[in-house]
Amino acid sequence: MKRVFPILVALTAGLLAYAFYEAMWVAPTERTMGDVQRIFYYHVPSAWTAFILFFVNLVASVAYLIRRNPKADALAAVSAEVGVVFCTVVLVTGPIWARPVWGIWWTWDIRLTTTLVLWLIYVSYLVLRRFSDSAQTPKLAAVLAIFGALDVPLVYFSIWFFRTQHPQPVIGGGGSIDPRMLHVLLINWLAFSCLAFVLCWARYHVEQLNRQYEESLALESLMADSVSTSHRRQGGANPDRAKKAAS
Amino acid sequence: MNSVKFLYAAYIATWVIHGAYFTTLVRRYLRLRRQIKG
């Protein structure tokens, strides 16, 4: 495992560099928007990757609720965190693209609003996991994850069902795209998916290490408690008993 | 309007976000290793 990870990181870095080159210099320039349209090659793959990660989070959360497997809980936590990172990229690159094209940074359009709500739901999921010490936290987080996942299809299909400023989907939505642009889009998606996998792998390793550390701390405190209890039972910790024994 | 500036800003923002997240991961990992050894 330790040998595979650096190789995977190197391959991902190479793929990301190639995808960047394709997006900047190989993809044709869009006629109306010009070069700024190239934000599309980062914005759309990041959104797709975030959706996949939130789907993984949903599957892992359901698996945890059924089997109570701590590994499923760890996978749910990891996929939600990396998904929030990719969703943040979507929410940052979107307004940067909108400003020169629409003339505004933000509008309370259905697609933009549902994406912001999705981000807020998963941030609250991470806050719950971070600051709640209860033994019920994984169960509560899994239920919240199921509610959060309901927003994903709403984000995706919102531009089909509502009139919106956001462009129609380029794949499966009746929109058309130049085959060379589609090729570059798919390469960037592959590169960002590999990046997501690497980040999830690293984060999962940190999560497992953290759980091991917390378990060892809990075991140490349990042992310290049992030692002090047995010491008290023998009268060692009671000063009155100690005085009586001395007299 | 120089729209290329917006393109660069979006690409830089993407890598700043991923870089910042990766840095927090490395810091968390190093802190945990130090705590486990200590």
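**Exercise 1. Determine how the end-to-end reach of helix 3 of chain A in this predicted model compares with the span expected at 1.5 Å a residue.**

Solution. Begin with the length of the element: helix 3 of chain A has 33 residues. Next, take the distance from its first C-alpha to its last, which comes to 46 Å. Finally, set this beside the expected 48 Å, to which the computed reach is close. Just after the helix, Gly103(A) takes a positive phi of about 90°.

**Exercise 2. Decide whether helix 3 of chain A is enclosed or open, and place Pro95(A) within that picture.**

Solution. Start by counting the buried positions, a residue being buried if 20 or more other C-beta atoms lie within 10 Å of its own. In helix 3 of chain A, 25 of the 33 residues are buried, so the helix is largely enclosed by the rest of the structure. Then turn to Pro95(A), which is found in this helix. Pro95(A) has 17 other C-beta atoms within 10 Å, and because that count falls between the limits of 12 or fewer for exposed and 20 or more for buried, Pro95(A) is partly exposed. As for its partners, Pro95(A) touches Trp105(A) and Trp106(A), when residues up to four places away in sequence are not counted. By contrast, the C-alpha atoms of Pro95(A) and Leu182(A), which are 87 residues apart along the chain, are separated by 22 Å.

**Exercise 3. Identify which residues of the largest nonpolar core touch the most other members, and which element gives the most to this core.**

Solution. The core holds 58 residues, and those touching the most other members are Ala76(A) and Phe86(A). The elements that give two or more residues to this core include helix 1 (4-26) and helix 2 (40-67) of chain A, and helix 1 (4-37) of chain B is also one of them. Helix 3 of chain A gives the most, with 17 residues. To see the surroundings of one central member, list the contacts of Ala76(A), leaving out residues up to four places away in sequence: Asn57(A), Ala60(A), Ser61(A), Tyr64(A), Ala142(A) and Ala145(A).

**Exercise 4. Describe the side of chain A that touches chain B, by element and by residue class.**

Solution. First, establish the extent of the interface: 23 residues of chain A are in contact with 19 residues of chain B. Second, assign these positions to elements, whereby helix 3 (70-102) and helix 7 (179-233) of chain A are found to give two or more residues each. The largest share, nine residues, comes from helix 3 of chain A. Third, sort the residues on this side by class, which yields 15 nonpolar, four polar and four charged. For the confidence of the prediction, the model scores ipTM 0.94 and pTM 0.88, while chain B has a mean pLDDT of 92, with 97% of its residues at 70 or more.

**Exercise 5. Characterise the overall form of chain A and of chain B.**

Solution. Chain A has eight helices and zero strands. Its radius of gyration is 25 Å, well over the 18 Å that the globule rule gives for 247 residues, so chain A is more spread out than a compact globule. Along the principal axes, its C-alpha trace spans about 100 × 45 × 35 Å. Of its residues, 32% count as buried. Chain B, in turn, has one helix and zero strands, and its C-alpha trace spans about 55 × 5 × 5 Å. Of the 38 residues of chain B, 16% count as buried.

Key. Residues numbered from 1 in each chain as written. Chains lettered and ligands numbered in written order. Predicted model: local features only at pLDDT ≥ 70, side-chain atom pairs only at ≥ 80, totals over all residues. Helix = DSSP H or I, 4+ residues; strand = E, 2+ residues; numbered from the N terminus. Rg over C-alpha atoms; globule rule 2.2 N^0.38 Å. Contact = placed C-beta atoms within 7 Å. Nonpolar A, V, L, I, M, F, W, Y, C, P; charged D, E, K, R; others polar. pLDDT = per-residue confidence, 0-100. Core = buried A, V, L, I, M, F, W, Y, C linked by C-beta atoms within 7 Å. Expected span 1.5 Å × (residues − 1).
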